[in-house]
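Here are some notes to read alongside the model, written for someone opening it for the first time. Keep the structure at hand and follow the points in order.

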Amino acid sequence: MQVRYPSDSLTTLTDVVLPGETNPLNNLFGGELLARMDRAASISARRHSRRICVTASVNHVAFNKAIPLGSVVTVESKVSRAFNTSMEIYIDVWIEDRESGNKTKANEAIYTFVAVDETGNPIPVPQIEPQTELEKQRFDAALRRKQLSLVLAGKMKPHDATELKALFV
Ligand SMILES: CC(C)(COP(=O)(O)OP(=O)(O)OC[C@H]1O[C@@H](n2cnc3c(N)ncnc32)[C@H](O)[C@@H]1OP(=O)(O)O)[C@@H](O)C(=O)NCCC(=O)NCCS
């Protein structure tokens with residue numbers, strides 16, 4: 001199967017925050033941001049695998065910075081690592097200053113998608129070769145994150161999470 005690069009799956013969604021999408025503090029509602037990130041990540045997974053892809057887990061979300069009403073929000077996602085049938089998608093969220101146009105990182109998240117056939121059974125995806133320093137760092141740490149996610153989901157015994165355990169010894 002053809003090897004792909006993270007840049008092959010780069011997906012950028014830019015949209016504004018409208019009044020119906022905010023919480024009582026007039027900041028973007030967390031669930032709305034999760035949906036935008038899920039949409040971008042699903043496109044990245046599809047671009048990498050060229051298959052039907054489903055969200056298997058949301059491994060990490062950090063709402064570091066509130067996103068005010070009227071903000072221009074850019075959600076940028078890429079596959080950071082491909083395993084057998086699953087892919088880790090790394091998502092960076094940026095907001096744009098109205099006057100200067102400068103972008104500030106507001107949030108980030110990590111989702112896992114699985115490629116499936118027409119009947120919903122997992123199928124293999126192409127491998128990935130990271131190119132930039134950041135892509136290499138994210139690729140290297142992805143196996144630990146997969147093991148942590150599987151342990152928390154009760155799908156892997158902590159004893160078998162060798163990469164994860166190596167962090168603590
Ligand atoms: C995701 C799904 C296809 C996995 O099916 P499954 O029968 O558990 O399949 P497997 O156990 O073979 O797992 C498939 C892959 O997903 C990975 N995976 C499963 N659960 C995971 C989790 N919680 N975290 C990280 N990876 C996970 C497995 O490690 C495996 O990866 P690999 O093949 O790359 O090693 C299945 O659970 C499903 O269809 N879920 C519903 C998806 C959905 O509808 N999402 C939208 C939300 S409503």
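1. Let's begin with a loop: between which strand and which helix does Asn26 lie? Asn26 sits in the stretch linking strand S1 (11-16) to H1. Bear in mind as you look that this is a predicted model. Asn26 has a phi near 65 degrees, which is positive although the residue is not glycine. Most residues other than glycine have a negative phi. Asn26 also counts as exposed, because it has 12 C-beta neighbours inside 10 Å.

2. There is another positive phi to look at, in Arg50, a residue other than glycine with a value near 55 degrees. You'll find Arg50 in the loop that joins H1 to S2. Arg50 has 13 C-beta neighbours inside 10 Å, so it counts as partly exposed.

3. Now step back to the whole chain. The protein has three helices and five strands, and reading from the N terminus their order is β-α-β-β-β-β-α-α. The C-alpha atoms fill a box of roughly 50 × 35 × 35 Å along the principal axes. For 169 residues, a compact globule would have a radius of gyration near 15 Å, and the 17 Å of the protein agrees with that.

4. How are the contacts spread along the sequence? Taking contacts with a separation of 6 or more, 69% of them join residues 24 or more positions apart. As for burial, 31% of the 169 residues count as buried.

5. The largest nonpolar core has 29 residues, and those touching the most other members are Met37, Ala41, Ile89, Ile91, Tyr111 and Phe113. Two or more core residues come from each of helix H1 (30-49), strand S3 (72-82), strand S4 (86-96) and S5.

6. Zoom in on Met37, which is in helix H1. Is Met37 buried or exposed? It is buried, because 25 other C-beta atoms lie within 10 Å. Setting aside residues up to four places away in sequence, Met37 touches Val75, Ile91, Ala109 and Tyr111. Leu13 is 24 residues away from Met37 in sequence, with 8.8 Å between their C-alpha atoms. With the same sequence neighbours left out, Ala41 touches Ser77, Ile89, Ile91, Tyr111 and Phe113.

7. Ala115 is worth a look too, and its place is in strand S5. With 24 C-beta neighbours inside 10 Å, Ala115 is buried. Not counting neighbours within four places in sequence, its contacts include Ser49, Arg51, Ile52, Cys53 and Thr85, along with Pro122, Ile123 and Val125. Leu25, on the other hand, is 90 residues from Ala115 along the chain, and their C-alpha atoms are separated by 38 Å.

8. On to the ligand. It is surrounded by 18 residues, of which Phe83, Asn84, Thr85, Ser86 and Ser149 are the closest. The elements giving two or more residues to this shell are strand S2 (52-62), strand S5 (103-116) and helix H2 (133-152). Which of them gives the most? That is S2, with four residues. Sorted by class, the shell has eight nonpolar, eight polar and two charged residues.

9. Last, the annotation. An unreviewed UniProt entry lists residues 7-119 as "domain: HotDog ACOT-type". In the model, that span is 18% helix and 47% strand, and its end C-alpha atoms lie 29 Å apart.

Key:
Residues are numbered from 1 along each chain as its sequence is written. This is a predicted model: local features need pLDDT of at least 70, side-chain atom pairs count only at pLDDT 80 or more; totals for chains, interfaces and linings use all residues. A residue is near a molecule or strand if its C-beta atom, placed from the backbone, lies within 6 Å of it. Ala, Val, Leu, Ile, Met, Phe, Trp, Tyr, Cys and Pro count as nonpolar, Asp, Glu, Lys and Arg as charged, and the others, Gly among them, as polar. A nonpolar core is a set of buried Ala, Val, Leu, Ile, Met, Phe, Trp, Tyr and Cys residues joined through C-beta atoms within 7 Å. A residue is buried if 20 or more other C-beta atoms lie within 10 Å of its own, exposed if 12 or fewer, and partly exposed in between; C-beta atoms are placed from the backbone. Two residues are in contact if their C-beta atoms, placed from the backbone, lie within 7 Å. The radius of gyration is taken over C-alpha atoms; the globule rule is 2.2 Å times the number of residues to the power 0.38. UniProt positions are given in the numbering used here, feature names are shortened, and annotations may be inferred rather than shown by experiment.
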